[in-house]
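Visitor: I'd like a close look at one part of this model, please: the site around the ligand. Could you walk me through it, and through whatever sits around it?

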Amino acid sequence: MAYRSSFLLQIFANFLINTAEVLALFAMFYQFDSMGGWTLGEVALLHGMSMIAFSLGDMLTIGMDYVAPQIRSGEFDRVLTRPLSSWMNAVTSEINLRHLGQLIQGFLVLTFAFTQVNIDWSVTKVLMLIGAILTGVALFMALFTVEAIFSFWTVNGVEAINAFTYGGSDLAQFPMHVFGRTLRVLFIWIIPVAFVTYYPALYLLDKPDPLGMPGWFVLLGPVITAVFCGVVAWGWNQGIRHYRSTGS
Amino acid sequence: MTMISVRDLRKTFPIKKHAGGFVGSLASLFRSEYEGEFEAVKGISFNIERGEMVGYIGPNGAGKSTTIKMLTGILVPTSGEATVAGMVPWETRKQLALKIGVVFGQRTQLWWDLALIESLELLKYMYRVPDDRFQHNLNTATELLGLEEFLRTPVRQLSLGQRMRGDLTAALLHDPEILYLDEPTIGLDIVAKAAIRDFLSELNRARQTTVLLTTHDLDDIEQLCPRIMVIDHGDVMYDGGLSDLKQRWGGRRQLIVDFASEPDVAISELTNGNLEVISIDGPRATIAFDRDSLSAPEVLSRAGAYGDIRDMSLQEPDIEDVIKRMYAGKIPAGV
Ligand SMILES: Nc1ncnc2c1ncn2[C@@H]1O[C@H](COP(=O)(O)OP(=O)(O)OP(=O)(O)O)[C@@H](O)[C@H]1O
Ligand SMILES: [Mg+2]
């Protein structure tokens with residue numbers, strides 16, 4: 001029982017933390033009417049999609065948080081003697097649902113967005129929304145894996161990799177065209193978070209791309225994400241081969 | 001049938017220059033700053049046949065655990081080859097896991113927060129152990145290792161001996177063909193040690209399970225392993241029968257001589273190629289000698305030159321003495 005209430009408390013705390021983020025969004029639109037030509041409702045759509053994808057990706061790879069300490073203590077040995085792929089095994093070694101708070105918030109924000117913007121719904125648009133979120137989940141899972149991969153080589157400095165994961169999810173909450181060129185190239189072509197929210201949102205809202213990409217460009221999202229995941233999988237295997245265990 | 005085959009297996013660990021700070025550690029990802037290499041296992045070779053129980057012994061830091069980690073697929077060797085149950089361990093880790101069982105005495109393979117029985121059930125699911133095999137193996141272990149009293153206790157609360165019995169049961173749930181045991185009796189009391197040894201002999205007899213065991217307890221070896229391999233500084237120094245080892249290198253018997261009073265200190269001059277005065281403790285001198293080149297009366301008469309002998313006793317060689325001398329480098333390598 002104590003366990004259950006502390007669990008609910010954790011979810012609630014997580015919910016509150018993310019509330020601050022949503023409030024910041026409202027505060028911003030209190031000052032300005034639009035952001036890069038986008039209304040509050042439209043930006044909220046980006047926020048909602050990003051929060052849902054990020055929290056799901058985070059929850060599914062919570063085990064990755066434990067890889068670094070397990071490598072350091074040598075407990076990672078255990079992961080390598082089981083009849084599961086090492087990644088699956090590492091991911092399932094811990095389960096933690098505290099990010100449910102963020103997930104719930106994501107759904108609330110998305111619902112709010114739908115009341116604010118006029119979407120001309122069709123089957124392909126529903127599929128686009130679901131596909132975008134699934135792509136996002138895969139992408140964030142890969143990003144959380146990247147953090148763990150680095151810990152096969154170095155014990156410190158892994159937190160720096162966090163910047164890409166959290167930065168990516170933050171970036172995905174705003175219209176991509178407000179950012180500078182370097183960030184855009186990075187988050188379209190290398191870590192394709194632009195395909196998690198921005199391009200799908202353009203499609204849902206029937207907006208042309210201010211950056212001039214054709215309509216089919218959004219379909220590249222899963223492809224680039226698959227390439228990214230492939231590179232991460234390769235990196236993970238290199239990490240495993242590099243694993244040294246400990247002397248005792 | 002050869003279960004484990006090892007050829008020129010080598011493992012070196014890099015000794016890294018410590019690059020401090022974040023930039024240093026990031027830089028070391030791309031540029032290696034090796035100060036050198038430490039060779040933990042230096043190109044060893046051996047074969048182990050199905051059903052063998054092999055004792056793998058050597059002093060601390062000899063390379064035993066490192067070898068076992070390569071043979072389970074945890075570590076990728078620097079060079080050399082190995083096949084275990086027909087597979088290259090570090091390349092087919094997943095499939096190999098179904099054929100091997102591993103117990104690291106130092107570290108549990110179970111889940112800290114789960115009750116022992118829950119851990120076992122989780123493993124049953126993970127290894128897809130059929131219900132009847134699971135029941136059978138659990139019953140055998142319960143009977144021989146006395147698991148009953150702590151099956152429902154969380155693993156974190158188990159005593160060392162209980163946990164080890166749990167770990168052993170866990171490693172054998174899926175009927176592995178090969179069992180690796182890295183110091184399975186470390187820190188256990190005599191009763192627990194005996195239970196584990198009996199269990200292992202029974203397992204080997206009933207299922208022909210191949211066992212590779214490291215230990216610092218030579219009683220484990222005497223009771224379980226007809227064959228031993230001795231490794232030191234990464235080299236296999238001896239690979240053969242335990243009885244052979246005793247005969248060839250354990251030829252030292254010990255003569256304990258009690259003099260009427262302290263013997264002449266010059267008695268230590270007796271030490272030569274096939275005789276060694278190990279200790280002089282008051283009126284008592286302990287002399288070890290080669291059983292092949294000297295007889296007890298002969299040694300006794302030599303000792304008699306240094307004092308008045310009152311009493312004596314003769315001790316047959318024991319494995320401990322052999323191993324001690326081997327570790328100390330008094331037995332040539334490459335036997
Ligand atoms: N992960 C590691 N990184 C660096 N050096 C290591 C590592 N693991 C082992 N070594 C070194 O390799 C050597 C062999 O270690 P290993 O653990 O195989 O010895 P061992 O024979 O099992 O000894 P013990 O009887 O103490 O368990 C030791 O000198 C140890 O310091
Ligand atoms: Mg060891």
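Guide: Let's start with a term: helices here are DSSP runs of H or I with at least four residues, numbered from the N terminus. Keep in mind too that this is a predicted model.

With that in hand, go to H2(B), which gives the most to the shell around ligand 1, with three residues. Strand E2 (34–49) of chain B also supplies at least two residues of that shell, as does H2 of chain B. The shell counts 17 residues, and those that come nearest to ligand 1 are B:Gly61, B:Lys64, B:Ser65, B:Thr66 and B:His216. By class, the shell has nine polar, five nonpolar and three charged residues. Chain B isn't on its own here: residues from chains A and B surround ligand 1, so the site is shared between chains.

Now for some distances. B:Ser65 has a side-chain N or O atom 2.7 Å from an oxygen atom of ligand 1. From B:Gly61, a backbone N or O atom lies 2.8 Å from an oxygen atom of the ligand. On the chain A side, a polar backbone atom of A:Gly247 is 3.3 Å from an oxygen atom of ligand 1. Taken on its own, ligand 1 has 640 Å² of accessible area, and the protein covers 78% of that.

Back to the helix itself. H2 of chain B spans residues 64–72 and is mostly covered, with eight of its nine residues buried. Among the buried ones are B:Lys64 and B:Thr66, both of which you met in the list of residues nearest the ligand. Further along, B:Ile68, B:Met70 and B:Leu71 are buried as well. Just after the helix, B:Gly73 takes a positive phi of about 95 degrees.

While you're here, have a look at the empty spaces. The whole structure holds three cavities of 30 Å³ or more, and the largest has a volume of about 90 Å³. It has 13 lining residues, and the closest to its centre are A:Arg82, B:Val102, B:Gln109, B:Tyr127 and B:Ala171. Strand E5 (100–104) and helix H6 (160–172) of chain B each supply at least two residues of this lining. Its classes come out as seven nonpolar, four polar and two charged.

The second largest cavity has a volume of about 40 Å³. Its lining includes A:Glu75, A:Asp77 and A:Arg78 from chain A, along with B:Phe104 and B:Arg107 from chain B. Here the split is one nonpolar, three polar and four charged residues.

Definitions and conventions: Residues are numbered from 1 along each chain as its sequence is written. Chains are lettered from A and ligands numbered from 1 in the order in which they are written. This is a predicted model: local features need pLDDT of at least 70, side-chain atom pairs count only at pLDDT 80 or more; totals for chains, interfaces and linings use all residues. Side-chain values use heavy atoms; hydrogens and water are left out. Buried means under 20% relative accessible area, exposed over 50%, partly exposed in between (1.4 Å probe, protein chains only). On a 1 Å grid over the protein atoms alone, a cavity is a set of points where a 1.4 Å probe fits but cannot get out, and a pocket is an open set with protein on both sides within 12 Å along at least five of seven lines; lining residues have an atom within 4 Å of a point. Grid points are joined across faces, edges and corners, and a volume is the space filled by probe spheres set on the points. Ala, Val, Leu, Ile, Met, Phe, Trp, Tyr, Cys and Pro count as nonpolar, Asp, Glu, Lys and Arg as charged, and the others, Gly among them, as polar. A residue is near a molecule or strand if one of its heavy atoms lies within 4 Å of it. A polar contact is a pair of N or O atoms within 3.5 Å; within protein, one must be able to donate a hydrogen and the other to accept it, and residues adjacent in sequence count only if both atoms are side-chain atoms. Accessible areas come from the Shrake-Rupley method with a 1.4 Å probe; for residues, only the protein chains shown count as cover.
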